[in-house]
Amino acid sequence: MRKFELIAPCHFGLEAVLKKEIIDLGYDVSQVEDGRVTFIGDDEAVCRANIGLRTADRILIKVGSFRAETFDELFENTKALAWEEYIPSDGKFWVAKAASIKSKLFSPSDIQSIMKKAMVERLKQVYGISWFTEEGERFPVRVFIMKDTVTVGLDTTGESLHKRGYRKLTAKAPIAETLAAGLIMLTPWKKDRILLDPFCGSGTIPIEAALIAANIAPGMKRSFTAVQWNNLITKKIWDDCYEEANDLVDLSAKPDISGSDVDPEMIRIAKQNARLAGMEKQIHFEQNDIMALSHNGKYGFIITNPPYGERLEEKNAMPALYKKIGERFREMDTWSLFMITSYEEVEKVFGKKADKNRKIYNGMMKTYYYQFMGPRPPKSDRGKTDGFQQRK
């Protein structure tokens, strides 16, 4: 099988989680950078990564990398890449997105236009034709320029991997499914431990936890751009990878996962999303104010995404809100709290320093993942790695 260098972008701050996921799949990680992990894999790896990775935003086949400080250099170096190894003569191809940081070339539209022209020139020479119908399958290209180094990738995914297919309705400021999964995976939570989200919104954190508990691959109910790339990946490989994911599903576990929200409409939406995910029996949702936060169980996990107070009219309410969270958490003395927020006064309001505080970017917003660790239970079953397993 042909080997590819594969690039998996992710939220800034989740690189270590994604790296572990890729290693658990059985692939060698070649590079970890801010917001992306590069690894080596074959055509089967493209399928398994798209279907099985919980924290990656998409999977790109790296076509090439080069330096370019002028548009002439960008054109010539793009033209020098072996596009014919990926794109057939009838393929529809374009530069879907261009991003540039600290580089002399910074106009996305100009970068996209010039690279498309270079690709056309290369394929005209190779295929001996002067006009491309582009009536075949879609081959979107993504380019990232960092300090004048251009990295070019073929997008195998299409719609971002956070689009699992279950979230039809959302809250006002929804957390991405990939980020929600990453937050859970940054904790010691396992499916035999209690998980509670008191600001559940549209239910994303509880639903992602339930999918992890049931070992349901996040991409097994959706399709990807590369499914149609018969010149690179056969249908049988895709079918085998979907079948592998289906065989690994385990609905025998009965996890204690619950979500609450003060807004009854959010609870209605969360329940509908859980139904669409097939997880309605695994999660309990109820309307509740934060002051009602409690649980009879011990050694549980609160994993949550409370309001940030980004809008001016909400800022004044933040100290009181976070004070309430701290008060309720102190009453649950064996529990652990994991909370993502852009509110920077959490430790001051809590009167307690977090055991860990990880910086994570939620989109373009800098947030902090505060981790207040409770005691370990008397007997800890660490469990086994979830998800697609490493190939022997």
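## A seven-strand sheet and its salt bridges

Strand S8 (residues 195–197) runs parallel to strand S11 (residues 301–304), the two being paired over 2 bridges. Strands pair if DSSP finds at least two bridges between them; strands (E, at least two residues) and helices (H or I, at least four) are DSSP runs, numbered from the N terminus. Leu 195 has Phe 301 in S11 as its bridge partner.

The structure is a predicted model, in which local features need pLDDT of at least 70 and side-chain atom pairs count only at pLDDT 80 or more, while totals for chains, interfaces and linings use all residues. Residues are numbered from 1 along each chain as its sequence is written, and side-chain values use heavy atoms, with hydrogens and water left out.

### The sheet

S8 and S11 belong to an open sheet of 7 strands with mixed pairing, in the order S10-S9-S8-S11-S12-S14-S13. Strand S10 (283–287) and strand S13 (356–362) are at the edges with a single partner strand each, so one side of each has no neighbour in the sheet. On average, neighbouring strands are turned by 20° against each other, direction ignored.

Helix H8 (residues 264–276) packs on this sheet, where it touches S10 and strand S9 (257–261), and its direction makes about 165° with that of S10. Helix H10 (residues 318–331) lies across S11, strand S12 (336–341) and strand S14 (365–372), at about 165° to S12. Contact means heavy atoms within 4.5 Å; axes are lines fitted to C-alpha atoms, for helices over the stretch in contact, and angles run from 0 to 180 degrees between N-to-C directions.

### Salt bridges

Side chains of opposite charge can pair when their charged atoms come close. A search of the whole structure finds 20 salt bridges, each a side-chain nitrogen of Lys or Arg within 4 Å of a carboxyl oxygen of Asp or Glu. Among them are these:

| Pair | Closest N to O |
|---|---|
| Arg 48 and Glu 244 | 3.1 Å |
| Asp 148 and Lys 104 | 3.4 Å |
| Glu 177 and Arg 167 | 3.4 Å |

Arg 48 in helix H2 (residues 43–52) and Glu 244 in helix H7 (residues 235–247) are 196 residues apart. Both Arg 48 and Glu 244 are buried, that is, under 20% relative accessible area (exposed is over 50%, partly exposed in between; 1.4 Å probe, protein chains only).

Asp 148 counts as buried at 7% relative accessibility. Asp 148 and Lys 104 also belong to a salt-bridge network with Arg 67 and Glu 69.

Glu 177 is buried at 2% relative accessible area, and Arg 167 is buried at 17%.
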